[in-house]
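The following exercises are intended for a reader meeting this protein for the first time. Please examine the sequence and the model before turning to the solutions.

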Amino acid sequence: MQTQPKQRQTQHTQGAVPVDSGRTPADSGRTPAERHGGERHGGKRRFARHYLEMVVAMVVLGAATRGVLALAGTELSASRNPELASLEMAFDMSVGMAVWMRRRGHGWASTLEMCGAMFVPALALFPLLWLDVIAADSMIALEHLVMLPLMFLVMVRRRREYGC
């Protein structure tokens with residue numbers, strides 16, 4: 001009877017994350033905030049820093065994607081195609097944020113929750129757009145007004161993971 005390699009047994013019995021996650025066995029069971037100092041080094045500052053990092057990641061990738069679309073002549077017009085432009089913007093921001101969150105060691109659950117916060121405002125605003133309660137040109141601005149506080153609420157829900 002063969003036994004599993006010691007490292008694999010240890011990870012299984014300790015509930016560690018799989019080896020391919022980028023974490024070392026010493027990181028097992030610890031949140032990204034705990035791995036980077038957690039509350040000992042200013043939990044609220046870390047929380048605010050993470051929020052700002054996500055916003056920067058979203059803006060940088062969003063601007064890059066919009067630039068590529070403009071160069072290709074396929075840029076979506078917010079006034080002609082507000083739904084597609086809103087979904088494209090939410091997707092661009094989600095990709096940038098997901099890449100940054102995974103790089104910082106966050107799990108898929110919190111990453112996908114944060115990506116959901118990008119799409120919920122668009123889906124909630126579409127009926128108002130279709131009923132002519134809001135104008136097509138204001139759709140993306142309103143989406144951002146809802147998106148940023150929603151991101152904050154998602155972070156508050158998992159405040160231990162985000163360092164607060």
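The exercises below concern a predicted model and proceed from the overall fold to single residues.

**Exercise 1. The overall fold**

Determine how many helices and strands the protein has, and state what share of its residues is buried.

Solution.
- Step 1. The count gives six helices and zero strands.
- Step 2. Along the sequence, the elements follow the pattern α-α-α-α-α-α.
- Step 3. The protein has 164 residues, and buried residues make up 38% of them.
- Step 4. The exposed surface amounts to about 10,000 Å², of which carbon and sulfur atoms supply 63%.
- Step 5. Among contacts with a separation of 6 or more, 70% are accounted for by residues 24 or more positions apart.

**Exercise 2. Helix 3 and helix 4**

Compare the reach of helix 3 with the span expected at 1.5 Å a residue, do likewise for helix 4, and find the phi of the glycine that follows helix 3.

Solution.
- Step 1. Helix 3 comprises 30 residues and reaches 44 Å between its first and last C-alpha, close to the expected 44 Å.
- Step 2. Helix 4 comprises 22 residues and reaches 32 Å between its first and last C-alpha, close to the expected 32 Å.
- Step 3. After helix 3 comes Gly73, with a positive phi near 75°.
- Step 4. Just after helix 4, Gly105 has a positive phi of about 95°.
- Step 5. The buried residues of helix 3 include Gly43, Arg46, Phe47, His50 and Glu53.

**Exercise 3. The packing of helix 6**

Describe how helix 6 packs against helix 3 and against helix 5, giving the handedness of the crossing with helix 3 and with helix 5.

Solution.
- Step 1. Helix 3 (residues 43-72) and helix 6 (residues 139-157) pack at an angle of about 145°, and their axes are 11 Å apart. The crossing is right-handed.
- Step 2. On the side of helix 3, the contact is made by residues including Phe47, His50, Tyr51 and Arg66; on the side of helix 6, Ile140, Leu148 and Phe152 are among them.
- Step 3. The residues of this contact divide into 12 nonpolar, one polar and one charged.
- Step 4. Helix 5 (residues 108-130) crosses helix 6 at roughly 140°, the axes coming within 8 Å. This crossing, too, is right-handed.
- Step 5. Helix 5 contributes residues including Glu113, Met114, Pro121 and Phe126, while helix 6 contributes residues including Leu142, Glu143, Leu150 and Arg157.
- Step 6. The contact of helix 5 with helix 6 has 17 nonpolar residues, no polar ones and three charged ones.

**Exercise 4. Two serines**

Decide whether Ser94 is buried or exposed, do the same for Ser77, and identify what Ser94 touches.

Solution.
- Step 1. Ser94 belongs to helix 4 (residues 82-103).
- Step 2. The relative accessible area of Ser94 is 5%, so Ser94 is buried, the cut-off being under 20%.
- Step 3. Leaving aside residues up to four places away in sequence, Ser94 touches Cys115, Met118 and Phe119.
- Step 4. Ser77 is located in the loop between helix 3 and helix 4.
- Step 5. The relative accessibility of Ser77 is 14%, and therefore Ser77 counts as buried.
- Step 6. With residues up to four places away in sequence again left aside, Ser77 touches Pro82 and Ala85.
- Step 7. From C-alpha to C-alpha, Ser77 and Asp137 are 9.1 Å apart, although 60 residues apart in sequence.

**Exercise 5. Asp132 and Gly163**

Establish where Asp132 lies and what is notable about the phi of Asp132, then find the distance between the C-alpha atoms of Gly163 and Gly43.

Solution.
- Step 1. Asp132 is found in the loop between helix 5 and helix 6.
- Step 2. Most residues other than glycine have a negative phi. Asp132, a residue other than glycine, has a positive phi near 60°.
- Step 3. Asp132 counts as exposed because its relative accessibility is 68%, the cut-off being over 50%.
- Step 4. Gly163 occurs in the segment after helix 6, and Gly163 is buried, with a relative accessible area of 2%.
- Step 5. The C-alpha atoms of Gly163 and Gly43 are separated by 4.7 Å, while the two residues are 120 residues apart along the chain.

Definitions and conventions
Residues numbered from 1 in each chain as written. Predicted model: local features only at pLDDT ≥ 70, side-chain atom pairs only at ≥ 80, totals over all residues. Heavy atoms only, no water. Helix = DSSP H or I, 4+ residues; strand = E, 2+ residues; numbered from the N terminus. Buried < 20%, exposed > 50% of the residue type's maximum accessible area, 1.4 Å probe, protein only. Contact = heavy atoms within 4.5 Å. Axes fitted to C-alpha atoms, helices over the stretch in contact; angles between N-to-C directions. Left-handed = near helix turned anticlockwise from the far one by under 90°. Nonpolar A, V, L, I, M, F, W, Y, C, P; charged D, E, K, R; others polar. Areas by Shrake-Rupley, 256 points an atom, 1.4 Å probe, with all protein chains shown as cover. Expected span 1.5 Å × (residues − 1).
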